[in-house]
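I opened the model to look up how its two chains relate, where they touch, and how a sheet and a helix in one of them are arranged. My entries follow in the order in which I went through them.

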Number of protein chains: 2
Amino acid sequence: MTTHDILFMPHNRKITVEDGESIIRAAMNAGVHINASCGGDGVCGKCRVLVEKGVIEDGVSDRLSDDDLEKGYRLACLSKIKSDLVVRIPVESSMDTSALSMQSTPRKTAKIKKMDLNKLKEEGLFLPAVEKYYLELPKPDVQDHLPDISRLVSYLKANYNESRLKVRMSVIRKIPDMLRQNDFKVTATLARPVQAGRKTHIINIQPGDTTDKNYAIAMDIGTTTVYGQLVNLITGDVLSEAGEFNGQISYGEDVIIRIVYAEKPGGLEELQAVVIKTINKIIEKLIKKGKVDIENISTITIAGNTTMTQLLLRVNPRYIRRAPYVPASTLYPPIRAVDIGIKLSRHVAALVYPIVSSYVGGDIVAGVMGSGMYRTEKLTLFLDIGTNAEIVVGNRDWFACAACSAGPAFEGGGITFGMRASKGAIEDFSINSQTYEPMNITIGSVRPKGICGSGLITMVAVLFEMGVINSQGRFDRTLSTRRIRETNGVWEYVLVWQEDSQIDRDIVLTEIDTENLIRAKGAIYSGFMTLLEEVGLGFSDVEQVILAGGFGSYIDLEKAMIIGLLPEIDTDRVSFVGNGSLMGAKMSCLTNRIRLDVVNVTKKMTNFELSETPSYMNNYVAALFLPHTDMNNFPRLKARIDGRKEYLAKESS
Amino acid sequence: MTTHDILFMPHNRKITVEDGESIIRAAMNAGVHINASCGGDGVCGKCRVLVEKGVIEDGVSDRLSDDDLEKGYRLACLSKIKSDLVVRIPVESSMDTSALSMQSTPRKTAKIKKMDLNKLKEEGLFLPAVEKYYLELPKPDVQDHLPDISRLVSYLKANYNESRLKVRMSVIRKIPDMLRQNDFKVTATLARPVQAGRKTHIINIQPGDTTDKNYAIAMDIGTTTVYGQLVNLITGDVLSEAGEFNGQISYGEDVIIRIVYAEKPGGLEELQAVVIKTINKIIEKLIKKGKVDIENISTITIAGNTTMTQLLLRVNPRYIRRAPYVPASTLYPPIRAVDIGIKLSRHVAALVYPIVSSYVGGDIVAGVMGSGMYRTEKLTLFLDIGTNAEIVVGNRDWFACAACSAGPAFEGGGITFGMRASKGAIEDFSINSQTYEPMNITIGSVRPKGICGSGLITMVAVLFEMGVINSQGRFDRTLSTRRIRETNGVWEYVLVWQEDSQIDRDIVLTEIDTENLIRAKGAIYSGFMTLLEEVGLGFSDVEQVILAGGFGSYIDLEKAMIIGLLPEIDTDRVSFVGNGSLMGAKMSCLTNRIRLDVVNVTKKMTNFELSETPSYMNNYVAALFLPHTDMNNFPRLKARIDGRKEYLAKESS
């Protein structure tokens, strides 16, 4: 991967970016503001920059005059970086250079934590749940009447030291013809026991040698989206990935509505059938993309929240949503995939991740496993942020967990121009500290359509730090900018003027939107603080934070700390695992030990019902400010804000 | 059970019989000949006897003159014994009294060996495979959010010290509603592991308290007949029994024809469906007769020969009949009964007895278990006689087994008037040593239709001992009786004249019939003698003989020794287990240990292929005589025959 160093002048800020990145994104990540209304689409023409040194591609636009072009001006949003550069932000699209120090913090996302396959191998934990052996069996004759299965079993014992073998009925059914039609040369598929000393199952038998083709599927059943990976059990590599909206979405967006539907006659069966259909679509895609034969897929591991798990397995979820919120079971036995309608070979077992409680499900348990939290000595805070936030605190010896409802703000719900993190969503933002003009960057660098969750966090954080909104989320009505205005009695900030937007309207952030975000972040903050208190700890004891969920990857950590979604912590101690549920499911395919360990982990997990913990509400009320009632918990932010105030005082004096 | 002592005069032979038995059967069992042509139907009127003392019922017939009746004569076949009796056989229907000593041996059947439930209990082996517990679970509340299954599992641990529990998916599906609709009062059904330390499965959950209703089904799948028993797992009692012809019979009588059919496209599936239909019919009968709810039947154990087992489980039996005669597997995993179409609750596992080889099947293994042979120190010969005879030699430490084809003679096949052991079959027989007039007794005491297997053995034995046929099975052409005659070049003995028969024809025994019987008994005799030789033993080493099979119960042991089907052995050392397969299946329901032991027994069983053992043919040829080429192996018979010859020599001198 080629990288280049970009020096932004007059800020004198340097950043290293990948080859081909746009200048505007490099500037955003460096914390350098460039006015940009159109999200990076090249339409507004406001992001003029002078490329003083180095090579770029593109960047040319009819929004630039011939004179500008000749001087070396380019549109930052269209310019692709191809070498080290020196880029000057022109005064008119920047600010009073003395105010440069007042910029918001550079973008800082959590480091991405991936499963370390090599480490797994080194530790001897690369133990796929299924293995294959190629066998050239001796043929029976007058001296040797061994039954077919005994022949197979003896050979495995003699040649591979495999004992304690148990055979599936389907193998017994296949073996007589299979042996004789293939000159007694076959491949046996063995499923390992989770506990040492238990039996290994011979689950399949195939003609000839297929030992180089041994695959598994890992799947995460999200309320909204279902993701799958096709895993090569010989190399550990992911061969293909695919996602689909969970077909149950048409029955309602959240789990409660689905539970209500499942209570109707036939509703449960219908919802099961629908999610199985989604799973089968994904499997079809995975096979097609991965170019494998379905007969060589021998196991599937599935993780999902408690409701998704019960719906998948056709277990009535009625009591999940009724006090005292009791799920049917924490552990689920392995079942045959075909028995619930999954279109895989008959021999494939579906392993379903255990759950902890009605609101801390298999997706979270999988995240704890997949992220390695279950093995670390470090006191860890695991956060999966979505409409519901799940929180796990602990280390390899103990775990406390809880769930709280954050509301849909992080997924764009309840926000005037909120939208999911898809093309056209403003995902990054800064403002000029003097003109209050915005710099919007959208997913896909197209003209803006709305605001996604991570964009919203950044927006509110920047507006707060720049003094545009106060700690209660109210706009400063005294600022001289036409971007802040009152419409129908609600104050708002205009992010994108109609002409630069894709939706033929001004895109705004209202005080009501900000309030919703504050409530959402307050719920989460109160959630983990209460949970920490319940186990006699404080945030200062936390040695690392692991963020999970589709949302977490885009969060600008510094901004999350500004709004008080997270307490201040060294960002190096924060990592992001992406879809922890899928990661855990994959890990379970690659290392059989997980299946044993997860039972113990689940047993060690103590669930706290925050709704029944009195301090939760107190913590929540205290968190309904930016960043919090008690600013002392946010010393770095406090120092920056104090510094800014001092500067402004100096300026005006 | 009331019994009476009957003294037969002038023979001066005494026998004890059950109340209500007929005089003619008592005479037959005592070895007292009374002419009787009509099988015991009261038609021929030949069995006149004088009741000198005691009380009888019936016995009156228009075949007796008023004078006879007044004197106390009755028809032996119609007279039911109601007290101790003195019965005189009149000279005209008996013989020269000096020849009384020349009577054949009294009937002697093997003692019937039943499963000793009390002993099982004493030894701590009454361990049913499934057990029930009634549970009044604490209800969840704000303080107690235990998931439903955890609630169940903790309760079982706390109250019954049950740990290492595993839960079936079906229980997880049922539990949420089941608990709440029954005030948390439910009954859990637990299936015990076969190996200590393995997990106990919670397989079912029912409303309220059903702990007093816990049933199992034992089933024997015979090639001809399928038998079932409904077993009460609380008391160990058999609540009902039922049998049906195996529906596969219409596809062919023997296993080979069925295998051929199974090789046709769809044939295997069809034969499986047909036997499952038979099984379901039996289950229906068992439930109806036993008056139990199908929901309370929690396990089924099935035993059958190798072909029946493979057809039942839909495993292609093609290679069973092709050299080198290799079955698919010896062990079969437990399967869900519903998965093969058995109409029992979804939670019921079907356990199928392991087999040893293509021709020593699960019925024999079940017999070895059920008869207790697997636990005895005594060197035992286990014989299951039918079209195919299966032989097991050994004791608790080792087992050698073999199968040989006896041909259908024992089931009436290949015998001119042969028939199955059903109503109208001559089952017992003797002759007057001077007039050669027969005494026929039929099943059901009706006019004769034909000869069944045990009748045939007795017939040939008696005719041989009385000198009517020689050791090659040829009739003595010099005897002055119209019952021996030549028809179309074949010599025969007329058992029943047309007027006394039910089929409007003379019923005869031909020399060809005798030859067929000699071949059948020769095959079996050679079978066990060869097997004993192969393990370095002789018949004198055998400490006990166990006979199994529907046929064995009726065999007159002394007669079987006369024809050389069995070597001479003290009849007290011979026992009969009836349907050993069903007995083993039942035992497996009652004592879970069997399921572990049977695996070891099966492993210890060494199979010998007699067709590949050169001495088998030599032994066979030597056995094609009555009783054998070497008369010295039959000293008791030799002594009797020598005595008879001496007597005749004396008479004629």
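**Symmetry and interface**

I laid chain B on chain A and found an RMSD of 0.2 Å after a turn of 180° and a shift of 0.1 Å along the axis, the copies being superposed by least squares on the C-alpha atoms of residues with pLDDT of at least 70 in both. That is the relation of a two-fold axis. I noted that this is a predicted model, in which local features need pLDDT of at least 70 and side-chain atom pairs count only at pLDDT 80 or more, while totals for chains, interfaces and linings use all residues. Residues are numbered from 1 along each chain as its sequence is written, and chains are lettered from A and ligands numbered from 1 in the order in which they are written.

I then asked which residue of chain B comes closest to the rotation axis, and it is B:Arg198, at 4.2 Å (C-alpha).

For the interface, I found 37 residues of chain B in contact with 37 residues of chain A, contact meaning that the C-beta atoms, placed from the backbone, lie within 7 Å. On the side of chain B that touches chain A, two or more residues each come from α4 (148-160), β10 (165-167) and α5 (169-181) of chain B, where helices (H or I, at least four residues) and strands (E, at least two) are DSSP runs numbered from the N terminus. The most come from α5(B), with six residues. I also recorded that 100% of the interface residues of chain B are interface residues in chain A too, so the copies meet through the same surface.

**Sheet of chain B**

I traced an open sheet of six strands in chain B, in the order β15-β14-β13-β16-β18-β17 and with mixed pairing; two strands pair if DSSP finds at least two bridges between them. Its edge strands, each pairing on one side only, are β15 (238-245) and β17 (335-336) of chain B. Strand β13 (residues 215-221) of chain B pairs with β16 (residues 297-304) of chain B in the parallel sense over seven bridges, and B:Met219 stands opposite B:Ile302 in β16(B).

**A buried helix**

Is helix α13 (residues 580-590) of chain B largely enclosed or exposed? I found eleven of its eleven residues buried, so helix α13 of chain B is largely enclosed by the rest of the structure; buried means that 20 or more other C-beta atoms, placed from the backbone, lie within 10 Å of the residue's own. Among these buried residues I listed B:Lys586, B:Met587 and B:Cys589.

Note on methods. Contact = placed C-beta atoms within 7 Å. Buried ≥ 20, exposed ≤ 12 C-beta atoms within 10 Å, placed from the backbone.
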